[in-house]
Structure formats: structure tokens, C-alpha cells
Amino acid sequence: MASNVPIEKIRNIGISAHIDSGKTTLSERILFYTGKIHEIHEVRGKDGVGAVMDSMDLEREKGITIQSAATYAMWGEYNINLIDTPGHVDFTIEVERALRVLDGAILVLCSVSGVQSQSITVDRQMKRYKVPRIAFINKMDRSGANYDRVAAQLKEKLGHHAVKLQYPIGAEDRFQGLIDLLSMKAFYFDGENGEHIREEAIPADMLDEAKLRRDEMIEGIANVDDELGEAFLMDPASITEEQLRAAVRRATIALKMTPVMCGSAYKNKGVQLLLNAVCSYLPNPKEATNEALDQKNNEAKVILESDPTKPFVGLAFKLEDGRYGQLTYMRIYQGKVSKGDFIINQVNQKKVKVPRIVRMHSSEMHDVNEATAGDIVALFGIECASGDTFTDGTVQYTMTSMFVPDAVISLAVTPKNRDTLANFSKALNRFHKEDPTFRVRRDEESAQTIISGMGELHLEIYIERMKREYNCEVVAGKPQVAYRETISQKGEFAYTHKKQTGGSGQFARVCGYVEPLPADAVQQYEFVDDIVGGSIPREFIPACDKGFQEAVKKGSLIGFPVVGLRVVINDGAFHAVDSSEMAFKTAAIMGFREGYAAAKPVILEPIMKVEVTAPEDFQGSVVGQLNQRRGTILETGTAEGYVTAVAEVPLNTMFGYSTDLRSATQGKGEFTMEFAKYLPVPRNEAEALMAQYKEKQAAEQAARK
């Protein structure tokens, strides 16, 4: 069993790349060659089975990875813990949390498309967590495949010191095998699934080119590894294969170079050599630096050692709601944990018992009795949130939290049937707990449930999951934009409220004016009492204030709150018998409406500060799109082939923008937005909003009748 493997032989790796570069296909081959599965199924295969790592029905239907899936496999005497991550920008948190707990990674690139937008994002995430990686140039069998061009892009676009360790024999439909420049041997992959590796001498017509490339490779490694550099200066011809492999390992782990390899996962070529490289060049858990913060010592940084005898420290990096309750994926950094142990959640200091430990193979579970430093396992029956640190109680360490990007898009959702309300809230609670980028809030003004996420596909998937997993169909509408109303000048009022019924009646007179507050005022509403000579008795003044406060909750233009105004009362009248608090409150509400109508009210809309990043070639279309949406460009700048535009754009025009931006920039554009301020709505827009409000009011009145 894998748990007996010494820590030096453990590799925790992730597979990351742009959409459709072949990550899941590569994972499927790795599982096949390591004997984990006995037949290969394709992601969009005709048999409809789908890849093992895409265990969700939605993943199989759409042919994309939505959740990162974990598995483990033995390659020779090495235990490889593998996480296959999504490539879509909407599921970026899945990549973020996988890279947070991994020691190494395979960056998969398409031999035709090369370095794409999501490859850049993934690379940025790897750099954030200092993850050493091997670049694997996949799809060498496709027409237009160009190994050298993609390797050069690693340097130009991602700033890697890329060193090619292999040379392909042929390309496109003539791609036959690989030349390993370290051992100077040619490798061919025979058999139905490429399982038989044939090692031969390098074809005579390619020998000279291979020698040139080997010299180039040695020079590339020597530039970043001092030990090999010295040997290279002394006598380049005497450098052995062992020296080269040791130097590649040192430089890769130190993040000084990226080894580049190639193959075709779909055509079963080159995967076994990649597995050898993972074992040879990527770090074991002891060689990766993991830091924690000591809560007892003012959050001082502590280096965690992958030692089973030290106090236990583990990080819950991903949650899933399985058939048997919550499944918590945990990376163990120090010490060990056994079934039945008590561990303490460092966030809320709760003590919990570990009832069951499993190793995950996609959606299958294999029980184990204990897990030690360096392992990635899943625990059952532990309540926690994503990103919580657990210890055995002897130390109070917490792991540094991972980066969670802000949500960029929101939707208003309601269940179709009232009967499914309980399931609806269950689903929202679970998704919010599992995915930190999925946010839920209730908008008090519009009484809507608003969900926010990383993109339209992200929210679409969650709505679809509610329907499938919770049997709850959801109606999604355009979310209500939080408009405001205000006044643009002074408006006077003098209102008398009289009501005579049997017995005592109601009488109150309120006079005064409303005026705009200065732009820098902190309060949105101010009440001033200028009554002299007791024209309104003191005990009725608070009732007037209450009435005005009630009135500003709903403006008369479109029914949104009124902000930025001061109400002054300076005169009035009362009746010894008929005046009451109720009468003055009503008079204040009606008086406000009179003054508000005279003060030239206007509608305000929320303006967002939007920052767009896209390759320079798309500058024209990015700026054009922002202008179309009534945006005001504040600044534009270029850096490293990317243009960044900052603009102020009304929120109402930003719906559907992520889709438009992606189609205008071939999926390479990204944007973030945050609230900036309120500004008046243009006249034509205001008229349309007011007409809409009148229609809505008329419909409500008709419904009452």
C-alpha cells in the first residue's frame, strides 16, 4: 500500500493549463500506465463513459473539468498524489487551492496554440505559491505542431528559463517518438496504448541535430547551476548523464529553470518519460518550503518540517458534500494523523475526532488508518471551512491563507416552486461553504437573493447543479441595480393635515423646506428643527422627524431611497384636541412629497471602477466596448505586451460584459470591478426608468382591485 512509501519517494503534483490543452487526457494516461485503471476513456469519447477524473455528470456532458479531482498512483517505487485542475477562468479558485498545497506541477501547453491567456493566469498562480514545474508540450500529433516555437514562448511570454530536455522525432501526423538529450537515446511507444517502450539508437539522419541540441541544453542548465557551470568550464565533454540529471533537479527545485518535454497524451506517446521526469526532477515534500504563522508568538513565521514525529499540522484546502456527509481534503504538512485521533481547528479552537481517513481516486474512496507528513488525504465527519488549519493542540500554527479573487458578476435567483425553498437554501449554503468565490447575499431593498461569482459560466453551473443535485429549479433574472434619488435645488412645503371623523379628529400643519446636502456630507439625511414660538409643541417634533425618515425610504420618481438632503421645519400649527403624534407624522410625510416635487429630483446610478487587462492587439476593441457602455476612460497603460484600461462605467450597462469581453479578445481579456460612486442618470435613461416604475405601480394597483 502507498502509505509505506518513504517521504523521499512521494510526489504531490498538479496538472494545470489553458482550456482544452489536454490536462484530463494526460491524467487518464498517467492512471493507465501506473496500473490505476485498466482501460482508457476519452473526455468526449464516443463510448460516453468519459474520463475517470471527470466524475461529475456535468463535466462529462460539457467536456470540461469543473472541480479539481485528486488521485494517487504508484510509478515504480514512487507514490504520486495527483490533482487534475480546471482550465476555465471561472473555476480559477480550484486551481488556486490545488497549487496552494502542491509541491510541484506539470504545466501543459498545446503544441499549436502555445502559451494562451489561461496559461499565463495559471503560471501567475504557480509563481504566487513558488511551485516548481515541468512544461509538457502536448498534442505533438496535431497539424501545426511546433515544439521550438512553444518552448520559445515560455521564455518570451512567461519569463521562464526554459531548457528543452527532448527532441521530437517528426511532428504532426509523422510524429513517431522522442529523443532524450540526457541519455542520447531514441524512444518509441508501441502497442495499442503505447505501453511498450522501445529504446533505440538515434536515427543517423538526426544525430548531428541531436548533438547540437544536447550542447545547447547543457549550456542552458550550466547558466543556472553553479556546480554544472564549473564542470562545463573545465571540460564540457566529460559531463556525465548523472551530473546532468542532478543539475536539472537542483535548478528546477530552486525555480531557476523549467525543463521542457513533449509528447501526445491522446496518441499515447511520451507520458511514461514525463512520469520519470516528475520522479527525477520535482521536489519531495521535504524539499518544498512550507511556512506557518505561530499564533502564540505574534504570527511569527515558522518553517514546517515534513517529519512524522513532530506535532501534527494539516490544512483543509477543499470541501465536498459527498454521499456520507462532508468530505474534507487535507494536506498534511507535519506530524501524522490516525483514525480516532482528536485534532483541533485553529480558527475556532473546536476539538474534533477523526472518524475516517480515505485516499481519493477521483470519486472513489480507499480507506487508510493513518496519514503522515507529505500526504494528501480526505477526512469524513469534520465540520470546517475551506482554508482552516488543524493541529494536535500542542502548537497553535495557522497556514497562510490562499488568494481569493473578487466576484465579478451577480444574478438574482428565486426557486420556481415554493415547495423547494428548503432545498434552495441548503444548496446555497453548501456551495458557499465549498467555493469561496461563490457569494450569496439578500438584497433588502429588492427582497431578492443575489448570487455572485467569477463569470456567467460559473453561476450557470451552480444553477444547473441546484436543479440536478437538489431537485430545485431556479429562475434567474437580471439583478436589480441599486439606484438612488436626490434633489438638485431647494423646495418649500406647507402642508395641513385635517381629518374629521366622529369624536376627536386629526389636525397638523407643517411648513419648511428641503435642500441638498453638501457633496462631502457624511450623513445622507439631516433633520433641522427651526420652530420658534411654539407653533408646533416640543412633544410632536420627533413625530415630524419620524415622518420625514419614513418618506425618504421611497422616492416618488422610481421608488428608490432618497439621499443627500436636509429637511428644515420652521413653522406649523396645532389643535389643542385634534393634534396627535400620528397626525404630525402623516403631515410630515405629505409635506415632504410636496417639497420633494418642487426641488427638481433626479435619479442617481451606481458607477463602477472597471479595470480591464487584455493583449495589446485588442486595445481598440476593449476601449470601444467601454465607450459603448457609457464608460469614461480614466487611464490606459501597456506592460509586457498587455494593455490595462481603467474606466468608470455605470453598473447597469455591465451585465453580459464578461461574455462580450471574452469574445472580443479571444478569451484573453480579464476584468475586475468595484463600486466607485453615484452619479445622475442621463435624461433618456431616467425617463425610461420612470415609465417602467409607473407601469409597475399601475399593475400593482390593478392586482389589488
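Ala, Val, Leu, Ile, Met, Phe, Trp, Tyr, Cys and Pro are counted here as nonpolar, Asp, Glu, Lys and Arg as charged, and the others, Gly among them, as polar. The legends below describe a predicted model.

**Figure 1. Overview of the protein chain in the predicted model.** The chain has 705 residues, of which 54% count as buried. Its secondary structure consists of 16 helices and 37 strands. Along the principal axes, the C-alpha atoms fill a box of roughly 110 × 60 × 50 Å. The accessible surface comes to about 31800 Å², and carbon and sulfur atoms account for 48% of that surface. Among contacts with a separation of 6 or more, 71% join residues 24 or more positions apart.

**Figure 2. The second largest cavity and its lining.** Three cavities of 30 Å³ or more are counted in the model. The one shown, the second largest, holds about 90 Å³ of space. Two or more lining residues come from each of the strands β2 (69-75), β3 (78-84), β19 (356-361) and β22 (376-380). In total, 13 residues line this cavity, and those nearest its centre are A70, T71, N81, M360 and I376. Sorted by class, the lining has 10 nonpolar residues, two polar and one charged.

**Figure 3. Q125 in helix α4.** The helix spans residues 117-128. Is Q125 buried or exposed? Its relative accessibility is 2%, so Q125 counts as buried; the cut-off for this class is under 20%. Beyond its neighbours within four places in sequence, Q125 is in contact with T92, V95, E96 and L99.

**Figure 4. A222 in helix α6.** Helix α6 covers residues 207-222, so that its range closes with the number of the residue shown. A222 has a relative accessible area of 13% and is therefore buried. Outside the four places on either side in sequence, A222 touches L228, G229 and F232. A distance to L233 can also be given: the two residues are 11 positions apart in sequence, and their C-alpha atoms are 9.1 Å apart in space.

**Figure 5. Two loop residues with positive phi, K139 and Q349.** K139 is placed in the loop between β5 (133-138) and α5 (147-158). Its phi is near 60°, a positive value in a residue other than glycine. Q349 belongs to the loop between β17 (342-345) and β18 (351-353). Phi of Q349 is also positive, near 60°, and Q349 is likewise a residue other than glycine. With a relative accessibility of 43%, Q349 counts as partly exposed.

**Figure 6. A614 in strand β34 and its contacts.** The strand runs over residues 601-615. A614 has 0% relative accessibility and therefore counts as buried. Which residues does A614 touch, not counting residues up to four places away in sequence? They are V622, Y642, V643, T665, K668 and G669. R484 is 130 residues from A614 in sequence, and the C-alpha atoms of A614 and R484 are 33 Å apart.

**Figure 7. T636 in strand β35.** Strand β35 is made up of residues 632-639. T636 is partly exposed, with a relative accessible area of 43%. Leaving out residues up to four places away in sequence, T636 touches Q619, T644 and A645. From T636 to V623 the C-alpha distance is 9.2 Å, with their positions 13 residues apart in sequence numbering.

**Figure 8. The buried face of helix α15 and the residue Q666.** Helix α15 consists of residues 657-664, and its buried residues are Y657, S658 and L661. Where do the buried residues of α15 fall when seen down its axis? They fall within an arc of 100°, so they line one face of the helix. After α15 comes Q666, which has a positive phi near 55°.

Conventions:
Residues numbered from 1 in each chain as written. Predicted model: local features only at pLDDT ≥ 70, side-chain atom pairs only at ≥ 80, totals over all residues. Heavy atoms only, no water. 1 Å grid on protein atoms, 1.4 Å probe; cavity = no way out; pocket = protein on both sides within 12 Å on 5 of 7 lines; lining within 4 Å. Points joined across faces, edges and corners; volume = space filled by probe spheres on them. Helix = DSSP H or I, 4+ residues; strand = E, 2+ residues; numbered from the N terminus. Buried < 20%, exposed > 50% of the residue type's maximum accessible area, 1.4 Å probe, protein only. Contact = heavy atoms within 4.5 Å. Areas by Shrake-Rupley, 256 points an atom, 1.4 Å probe, with all protein chains shown as cover. Arc of directions from axis to C-beta.
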